[in-house]
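This briefing is meant for a reader who is meeting the structure for the first time. Please keep the sequence and the model at hand while going through the points.

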Amino acid sequence: MDLSEVAAALHARVPELGERMALRIRSQVDAYKDDSLTPFDSLRHSCTANAALVLNHLRSADVPGPDPSPSRETGRVRAEQGMPLADTLHAYRIGFAFLWSEILAEARTRPEVSDAELVSRSAEIWALFGLYAQTVATAHREATAELTSQRQARRSALAEALFTGVIADRTTLRDAARELGLPERGPYAVAAAVADAPGEEPLAGIESALRQARLPSTWRLLPDQQIGLVALPVPDAEGALLRVLNRARGARVGVSPRFDSLRDAPQALRFARLALAGLRRTGPGVARFDDDPLAMVVAAAPAEAAHLTEVVLRPVLGLPAAERARLLETLEHWFATSGSARDAAGRLFVHPNTVRYRLRRVEELTGRSLSDPRAVAHIGAALLAVRNSGPGESGSGGSGSGGSGRPPGAAG
């Protein structure tokens, strides 16, 4: 005799078996003990459907083949409930073991069922388990990928709404912060990094790295930039943010001042982009808006800065390339060393008198004295504009109209 009568007898008890199976799983898998994650009714329904599936296969020779649809549904539902795949498969093994034990117990009441038959059909039962478990895993992974994609799209849309100021009322801001995993109140900061190619993340893995530093954040990838909103909830949070950003090899990043309300995210993004525009173009680095306020003012007004450069430094910029480069470099180091000719000479590997000669040459060309604070401010601002204009744009005749120093897409 085969197991068809055994399966038929158990099939009549499927509701009871489904509930007992669900109780067994709940008692042995911790993740299933949380009713808010997987309600007991959902677990019982899944157990009942899968038990009926196996028993139908055993009791009828006319069944065309294993039907994986209940297993597929189980995998999808558990993914939607947030149940980890490992726990889902563990529960599946427990459920199959329970059902096989019930088959054995029923078979023992029927002397006509031989041990050879049980051994023979056990291989079939566990082959079914392998098939259904694989179906569960595939459905779980597919549903998880789809949910992750939807979640990322929604997070990206919410971040865009914050950066553009679309969300303004307090309740919606609070809900957006909660969904993005951010605190409802600041301080926060915004960071903007230049992308080397469209769609390329200059700060790959940044959200995870900041999470390890206890800094929640949300990021959005634009064609030319990666922009992020970072919460600063712990002591030295700003320092931790800068350390993480500086570890991003080759990245050029601007960071806004701290702010307290998410309503100020659009203005903070503007400040971060201005900080990025004020960053030297000679290589990677991280610039804070507050590190050099004058540079930020120059970057914020590119047309005015270009005119300032034309008025103040045109005679210097009209020199042959080699001499122009020497004078501009000397000015850079003189400003960087707080007006010390000796310290600037040390940086340039020349004699201090050489620095003094070059500075006098700048004074002669511009008609402005470097001992006059107003003239120093004008020359310093014009020098920042030249620096922001980038290589090749500060040639004869002025800095050029392209000297905004702003990264692509950093309008406003």
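Ala-49 is partly exposed, because its relative accessible area of 28% falls between the limits of 20% for buried and 50% for exposed. The model in which this residue is placed is a predicted one, and Ala-49 is found there in helix H3, which covers residues 40–59. From the C-alpha atom of Ala-49 to that of Leu-370 the separation is 87 Å, and the two residues lie 321 residues apart along the chain.

**The sheet**

- Five strands form an open sheet with mixed pairing, and their order across the sheet is S2-S3-S1-S4-S5.
- At the edges are strand S2 (217–221) and strand S5 (285–288), each of which pairs on one side only.
- From one strand to the next, the twist averages 15°.
- Strand S1 (residues 188–194) and strand S4 (residues 252–255) run antiparallel and are joined by three bridges, and within this pairing Ala-192 stands opposite Gly-254 in S4.

**Helices against the sheet**

- Helix H6 (residues 115–164) packs on the sheet, where it touches S1, S2 and strand S3 (225–231), and the direction of the helix makes about 90° with that of S2.
- Helix H10 (residues 265–277) also packs on the sheet, with S1, S3, S4 and S5 as the strands it touches, and its direction makes about 45° with that of S1.

**Aromatic pairs**

- A pair of aromatic rings is described by how far apart the centres are and by the angle between the planes.
- The count of aromatic pairs in this model comes to nine.
- The rings of Phe-96 and Phe-129 have centres 5.1 Å apart and planes at 65°, and since an angle over 60 degrees counts as edge-to-face, so does this pair.
- This pair links distant parts of the chain, since Phe-96 belongs to helix H5 (residues 85–108) and Phe-129 to helix H6, with their positions 33 residues apart in the numbering.
- Both Phe-96 and Phe-129 are buried, and ring pairs link these two residues with Tyr-92, Trp-126 and Tyr-132 into a cluster.
- The rings of Trp-334 and Phe-335 have centres 5.3 Å apart, and their planes stand at 80°, so this pair is edge-to-face.
- Trp-334 counts as buried because its relative accessibility is 10%, whereas Phe-335 is partly exposed, with a relative accessible area of 29%.

**The second largest pocket**

- The second largest pocket holds about 310 Å³ of space.
- Of the 15 residues that line this pocket, those closest to its centre are Gln-152, Arg-155, Glu-201, Glu-207 and Trp-219.
- Two or more lining residues come from each of H6, helix H8 (206–212) and S2, and H6 gives the most, with five residues.

**Glu-238 and its contacts**

- Glu-238 has its place in helix H9, which covers residues 237–246.
- With a relative accessible area of 16%, Glu-238 is buried, because the limit for that class is under 20%.
- When residues up to four places away in sequence are not counted, Glu-238 touches Leu-232, Arg-258 and Arg-288.

Terms used
Residues numbered from 1 in each chain as written. Predicted model: local features only at pLDDT ≥ 70, side-chain atom pairs only at ≥ 80, totals over all residues. Heavy atoms only, no water. Pairing = 2+ DSSP bridges. Helix = DSSP H or I, 4+ residues; strand = E, 2+ residues; numbered from the N terminus. Axes fitted to C-alpha atoms, helices over the stretch in contact; angles between N-to-C directions. Contact = heavy atoms within 4.5 Å. Phe/Tyr/Trp six-rings, centres within 6.5 Å; stacked < 30°, edge-to-face > 60°. Buried < 20%, exposed > 50% of the residue type's maximum accessible area, 1.4 Å probe, protein only. 1 Å grid on protein atoms, 1.4 Å probe; cavity = no way out; pocket = protein on both sides within 12 Å on 5 of 7 lines; lining within 4 Å. Points joined across faces, edges and corners; volume = space filled by probe spheres on them.
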